[in-house]
Amino acid sequence: QFEEADTAFQQALKLQPENPETLANYGNLMLEQHETDKARAFFDKAVKLAPDFIGAWVSLASLHDRLHDQESVAHCQERVLQLDPENTTVHCNIGYRLYELGEQKQAVEQISGFEPCDDTGQPVSVDKGLVSRRSDDG
């Protein structure tokens, strides 16, 4: 299945080598395969070509999170919130990170007014989301 997807992305990029959506999606495929350097190259090119493309910034934040580079995660999240101040995913992720750091009150404030989501993007209650995310990581 990976080989088919890889071939399809390569063909798509031959036709449109500067398509930010294709680049970001190919980066996500590389990230799934733990090819972080390749994923980073695709995400970086996508955000360079389309600096307002939220999906590429979210994917780049995921890559940095996987690499435990919280400063870069924060930079990507800030960019997403500049483009979309109501972005639920980013507010949830910031809240989860605050919770992991023991800042429960700030975590709840961060996601207050937003419907938190779990790792699959499904809405959950604030307490369940924070507890569920915390228990999955530990």
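1. A crossing of two helices is called left-handed if the near helix is turned anticlockwise from the far one by less than a right angle, and right-handed if clockwise. By that rule, helix 2 passes helix 3 in a left-handed crossing. Helices here are DSSP runs (H or I, at least four residues), numbered from the N terminus.

2. Before going on, some housekeeping. This is a predicted model, so to speak of local features pLDDT must be at least 70, and side-chain atom pairs count only at pLDDT 80 or more, while totals for chains, interfaces and linings use all residues. Residues are numbered from 1 along each chain as its sequence is written, and side-chain values use heavy atoms, with hydrogens and water left out.

3. How far to trust it: the protein averages a pLDDT (the predictor's confidence in each residue, from 0 to 100) of 84, and 83% of the residues score at least 70. Confidence peaks in helix 3 (residues 36–49) at a mean of 97 and bottoms out in helix 8 (residues 126–137) at 38. Over residues 126–138 pLDDT stays under 50, and the model has 21 contacts beyond four places in sequence for them; a contact means heavy atoms within 4.5 Å. Where pLDDT is low, the predicted coordinates should not be read in detail.

4. Back to helix 2 (residues 20–32) and helix 3: their axes come within 8 Å and cross at roughly 160°. Axes are lines fitted to C-alpha atoms, for helices over the stretch in contact, and angles run from 0 to 180 degrees between N-to-C directions. That makes helix 2 roughly antiparallel to helix 3 (angles over 145 degrees count as such). Among the residues in this contact are L23, Y26 and L31 of helix 2 and F42, F43 and L49 of helix 3. By class, the contact has 11 nonpolar, 3 polar and 2 charged residues. Ala, Val, Leu, Ile, Met, Phe, Trp, Tyr, Cys and Pro count as nonpolar, Asp, Glu, Lys and Arg as charged, and the others, Gly among them, as polar.

5. Helix 5 (residues 70–83) packs on helix 6 (residues 88–100) at about 150°, axes 10 Å apart, so the two are roughly antiparallel. Their crossing is left-handed. Q70, Q77, V80 and L81 of helix 5 touch V90, H91, N93, I94 and R97 of helix 6, a set of 4 nonpolar, 4 polar and 1 charged.

6. Helix 6 also packs with helix 7 (residues 104–111), at about 175° with axes 8 Å apart, and is therefore roughly antiparallel to helix 7. H91 and I94 are among the helix 6 residues there, and A107 and I111 among those of helix 7. The classes are 6 nonpolar, 5 polar and no charged.

7. There are 3 salt bridges (a side-chain nitrogen of Lys or Arg within 4 Å of a carboxyl oxygen of Asp or Glu). One of them joins R79 and D52, 2.7 Å from N to O. R79 sits in helix 5 and D52 in the loop between helix 3 and helix 4 (54–66), 27 residues apart.

Methods:
Parallel < 35°, antiparallel > 145°, perpendicular 65-115°, else oblique.
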